[in-house]
Amino acid sequence: MTRRAIELLLLVALGAVLGWTQDSPGWTFAGALVGAFIWSIIDGLRARSFLRWLNKADVTRQPRLSGAWGEMLDRARKLIKKLEKKAQNSDARLEDFLAAIQASPNGVVLLDSAGRIEWSNLTAANHLGFDPQRDLGQYVRNMVRNPAFTAYLAGGEFNHEIQIDGVGPRPSQPSKISLQIHPYGKKRKLMLTRDVTAVQLAETMRRDFVANVSHEIRTPLTVLSGFVETMQSIPLEEADRTRYLGLMSQQAHRMQTLVSDLLTLSRLEGSPAPGPGEWIDGDELLTHVVQEARGLTEAISTTQHRIEPVPGPAIWVSGAKTELLSAMSNLLSNAVRYTPGGGLIQTGWRLRSDGWAEFFVKDTGPGIAAEHLPRLTERFYRVDRSRSRETGGTGLGLAIVKHVAQRHGGHIDAESTIGEGSRFAIALPPNRVRERVTG
């Protein structure tokens, strides 16, 4: 017999005994009823206390109950603790899952059956231009106002992805976002986004590169083919033949230079950046490139340029010697090619107050307009295409200089004033430079 039943019998018996003392059978029965009623009130209060605690489910504060209610309370408390622990584990796994999605480079948006935003990671919000907290519950069609997306969402055919304009640094240069919707559950939708701006830019650059290379090679090939055909079909005087062979040699040299620059760029992009490597005497590099520049001005100009090394600090430079020589030579050869004959070209090393070192080239050429300066290091970009071809430039020199500077942790600086000249410099960081102690 349970404790609860024992309590009931005791109270009934106690009431019956009290009624029996009145010497009347009726009072005995009435006393038993009163005892049962008192027991029901006490049991009801216990049940009410238990139910009140059960509604709150606060395991830290529980009523003092005994008997069957106490046992039920203890079992309920253990069950609630078990469920709470399971819920905490589920919440932790959910938080980990959401944190992983939040860190994903791809955007994720959860939509309810009506197309409202239920959750979004920060990546998707940045891709599509809405706030991941403030705009929860908003219709996604109101957040992404793009005709292609609106038609895609309304059409219901989600077996392919679409591309829309995202939020770019400038309205004239929006990013490109690839987007696809995946239905799941009861009319809910998972929307995935990724930024394909770099992919499209690389594809555009590849097409432009192929087109530029084809264009650059087509001209000398056409000249060579024309001269070969002429020499094969028409008898020529020795003077004409010599002149034609000279022009053919010039065009062949131009193609050779172009291929050499392309191979240099390919090697720079495909190889690891140079480590600390060897320390090279800055004056040795300067002397070498100045001699090359003087040889170039003798070859291409009737009035030679004045190429003056500017005295500077005695320094050592750390890096790949062949790369540094190539970059420095390109800056000097550009100055020679684009400065009119007889012009002054100054070059040398300079130590800046922040510890960086500069190899600079300053000329008295025609100068470059400000709008062209940011694009000078692009492949095949030319301010004056006709003049560049006349001087034998390939349009790759400054691209090579930029890559070499970046591979050594530095950068290229350019300043120019129309009618006054230009100044180009390769800046190298302090860890690539140290002063040479002279005895």
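Does Thr 339 count as buried or exposed, and at what relative accessibility? In this predicted model, local features require pLDDT of at least 70 and side-chain atom pairs count only at pLDDT 80 or more, whereas totals for chains, interfaces and linings use all residues. Residues are numbered from 1 along each chain as its sequence is written, and side-chain values use heavy atoms, without hydrogens and water.

Thr 339 has 3% relative accessibility and therefore counts as buried (under 20% relative accessible area, 1.4 Å probe, protein chains only). The residue lies in the loop between H10 and strand E9 (344-351), and its side chain reaches the backbone oxygen of Ala 335 at 2.6 Å.

Helix H10 comprises residues 321-338, 18 in number, and spans 26 Å from its first C-alpha to its last, close to the 26 Å expected at 1.5 Å a residue (1.5 Å times one less than the number of residues). Of these 18 residues, 13 are buried, so H10 is largely enclosed by the rest of the structure.

The largest nonpolar core (buried Ala, Val, Leu, Ile, Met, Phe, Trp, Tyr and Cys residues joined through side-chain atoms within 4.5 Å) contains 43 residues, and Leu 331, Trp 349, Phe 359 and Ile 426 have the most contacts inside it. Elements supplying at least two residues each include helix H8 (238-270), H10 and strand E12 (421-428). H10 provides the largest share of this core, 8 residues. Ile 426 touches, among others more than four places away in sequence, Met 328, Leu 331, Phe 359 and Val 401 (heavy atoms within 4.5 Å). A second, separate core of 19 residues includes Ala 124 and Ile 177.

Notes. Helices (H or I, at least four residues) and strands (E, at least two) are DSSP runs, numbered from the N terminus. Buried means under 20% relative accessible area, exposed over 50%, partly exposed in between (1.4 Å probe, protein chains only). A polar contact is a pair of N or O atoms within 3.5 Å; within protein, one must be able to donate a hydrogen and the other to accept it, and residues adjacent in sequence count only if both atoms are side-chain atoms.
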